[in-house]
Amino acid sequence: MALDQARVNRIFRPETYADGVPYDLFRELRAAAPVVRVEEPPVGEWPAGPGYWAVLRHAHVKHVLRTPQVFSSHAGATQIRDPDTAGDLEFARTMMLNQDPPEHARLRRIMAAAFTPRALAELATAIDSCARDLVDSVRGSGEADFVRLAADLPVRTLAWILGVPEQDRQLLVDWSNRVIGYQDADYADSDTVDPAGLTDLGRTALAARPTRAAPDGRPVNPRSRAALADMFGYAHGLAARPRPGSLLARMREGGLSTEEFETAFFLFAVAGNETVRNALPGGLYTLLGHPDQYRLLLRNPDLLDPAVEEMLRFWPPVLDFRRTATQDVELGGQLIRAGEKVVVYHASANRDETVFPEPDRFDIGRTPNDHVSFGYGPHFCLGAQLARLQMRLMLRQTLFRLPELESADGKPPARLVSNFQNGLKELPIRWRTGAGT
């Protein structure tokens with residue numbers, strides 16, 4: 001079956017996802033060409049790229065993710081877009097996310113102490129209290145924007161883990177917006193911080209915030225070291241006086257290089273925020289769009305854990321990740337040459353009909369549920385259990401203390417313009433007041 005290349009290219013274009021994840025197109029491609037060549041046309045001010053191989057089936061996605069010796073995170077980093085310069089690539093390669101074994105394992109061991117069962121148990125009480133306070137802050141009004149409400153939870157959680165003072169938490173929001181939302185005009189120049197409310201360190205960092213354009217007028221890659229000078233300056237200042245036992249203290253003790261320290265802070269401050277920030281509103285939106293499943297969960301609170309897993313399958317917070325082939329290899333009937341980009345689509349794998357019966361049906365009791373929303377293999381998300389914990393606790397407070405929840409707008413909510421993150425920009429909700437506990 002001949003494929004329309006322009007139609008195939010839709011899975012690359014960020015504007016496609018402003019209208020929703022193209023699940024129908026993914027289903028069509030899985031049947032016709034589960035590994036398919038995609039072009040990279042220019043996107044706004046960003047130039048065209050060389051193209052890549054999109055991997056769409058669950059089994060192939062897992063194979064790529066568990067075979068770093070063939071499909072490398074280090075060779076070209078893990079974003080579809082190539083770094084602008086050799087220097088940008090070298091800097092990106094110092095991040096744990098962009099490492100292959102054995103270096104990846106060394107960095108992961110240093111960070112893992114923040115996510116042990118004991119550490120999570122200690123965090124659970126604070127996270128639950130925060131979730132309850134957030135719900136209490138809107139409970140009497142009968143309506144709220146759940147995106148804004150829920151976004152505060154991961155920011156506070158990461159601030160606790162990293163030792164960021166309360167006054168500076170909003171800096172984490174702007175950093176995340178600029179990095180993750182750079183394809184969306186509403187987020188690319190995020191500047192929501194009031195300098196008067198910051199600590200001295202926060203104001204110093206804010207003063208160092210770079211512009212989005214390089215001296216030659218070209219846009220600066222938002223994930224480059226130059227574009228994140230304010231974040232890294234703040235990280236170094238904070239690390240000079242780390243809270244005992246904080247992740248920053250462990251990072252200092254772990255012998256990280258300057259670049260490894262900076263990219264580790266980046267990874268936690270941005271990736272640790274965005275996963276939950278996208279998954280929570282997306283999960284609630286999905287649940288409210290299936291009233292029978294919402295009512296089933298209210299009658300059976302013990303289904304909350306499998307409900308969270310089904311939300312993650314149905315609304316993966318991360319759409320895709322890139323690898324680079326280290327050798328010529330055959331995958332899905334296609335010959336992939338050494339050096340070519342390979343992009344695994346979690347969103348497509350999670351709807352693979354060969355793995356999930358009735359994959360487009362939202363079923364909070366689905367078992368087994370072998371979704372790949374947190375990845376697979378050596379790069380399985382280190383913070384997966386923390387993300388699940390935050391989702392469970394925030395959803396419990398929201399669903400069982402705000403009765404008769406429903407979407408408050410008659411139209412679909414605005415989505416993030418991104419070919420990487422699956423996010424909502426707003427989710428108006430309402431509920432019946434004067435009831436609940």
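## Around Val 35

Contact here means heavy atoms within 4.5 Å. With that in hand, let's start at Val 35 in this predicted model. Leaving aside residues up to four places away in sequence, Val 35 touches Trp 53, Ala 54, His 60, Leu 331, Gly 332, Gln 334 and Ile 336. Val 35 counts as buried because its relative accessible area is 0%, and the cut-off for buried is under 20%.

Val 35 belongs to strand 1, which covers residues 35-40. Across from Val 35, in strand 2, sits Val 55. For a sense of scale, take Asp 152: its C-alpha lies 38 Å from that of Val 35, with the two positions 117 residues apart in sequence.

## The five-stranded sheet

Strand 1 is part of an open sheet of five strands, ordered 1-2-8-5-3, and the pairing is mixed. Strand 1 and strand 3 are the edges, each pairing on one side only. Helix 3 (residues 58-65) packs on this sheet and touches strand 1, strand 2, strand 3, strand 5 and strand 8. The direction of helix 3 makes about 125° with that of strand 8.

Now for the pairings. Strand 1 and strand 2 (residues 49-55) run antiparallel and are joined by five bridges. Strand 5 and strand 8 (residues 341-345) are also antiparallel, again over five bridges, and here Arg 323 stands opposite Val 342 in strand 8. Strand 3 (residues 71-72) is joined to strand 5 by two bridges, with the two strands antiparallel; Phe 71 faces Ala 325 in that pairing.

## Strand 5, covered on both faces

How many of the six residues of strand 5 are buried? Six of the six, so strand 5 (residues 320-325) is largely enclosed by the rest of the structure. One side carries Asp 320, Arg 322 and Thr 324, the other carries Phe 321, Arg 323 and Ala 325, and all of them are buried.

## Helix 14 and its cover

Helix 14 (residues 304-314) is another enclosed element: nine of its eleven residues are buried, so the rest of the structure largely encloses it. The buried set is Leu 304, Ala 307, Val 308, Glu 309, Glu 310, Met 311, Leu 312, Arg 313 and Phe 314.

What covers the buried residues of helix 14? The cover includes helix 2 (23-32), helix 12 (258-288), helix 13 (291-299) and helix 16 (384-401).

## Where helix 12 meets helix 16

Two of those covering helices, helix 12 and helix 16, also meet each other. Their axes come within 10 Å and cross at roughly 40°, so the two helices are oblique to each other. The crossing is right-handed.

From helix 12, the residues involved are Thr 275, Val 276, Ala 279, Leu 280, Leu 284 and Leu 287. Helix 16 brings Ala 387, Gln 390, Met 391, Met 394, Leu 395, Thr 398 and Leu 399. Sorted by type, the residues of this contact come out as ten nonpolar, three polar and no charged.

## The three-stranded sheet

There is also an open sheet of three strands, in the order 4-10-9, with antiparallel pairing. Its edges are strand 4 (143-145) and strand 9 (406-407), each pairing on one side only. Strand 9 and strand 10 (residues 428-430) are held in register by two bridges in the antiparallel sense, and Ser 407 has Ile 429 in strand 10 as its bridge partner.

Helix 7 (residues 146-162) lies across strand 4 and strand 10, and runs at about 65° to strand 4.

Definitions and conventions. Residues are numbered from 1 along each chain as its sequence is written. This is a predicted model: local features need pLDDT of at least 70, side-chain atom pairs count only at pLDDT 80 or more; totals for chains, interfaces and linings use all residues. Side-chain values use heavy atoms; hydrogens and water are left out. Helices (H or I, at least four residues) and strands (E, at least two) are DSSP runs, numbered from the N terminus. Buried means under 20% relative accessible area, exposed over 50%, partly exposed in between (1.4 Å probe, protein chains only). Axes are lines fitted to C-alpha atoms, for helices over the stretch in contact, and angles run from 0 to 180 degrees between N-to-C directions. Angles under 35 degrees count as roughly parallel, over 145 as roughly antiparallel, 65 to 115 as roughly perpendicular and the rest as oblique. A crossing is left-handed if the near helix is turned anticlockwise from the far one by less than a right angle, and right-handed if clockwise. Ala, Val, Leu, Ile, Met, Phe, Trp, Tyr, Cys and Pro count as nonpolar, Asp, Glu, Lys and Arg as charged, and the others, Gly among them, as polar. Two strands pair if DSSP finds at least two bridges between them.
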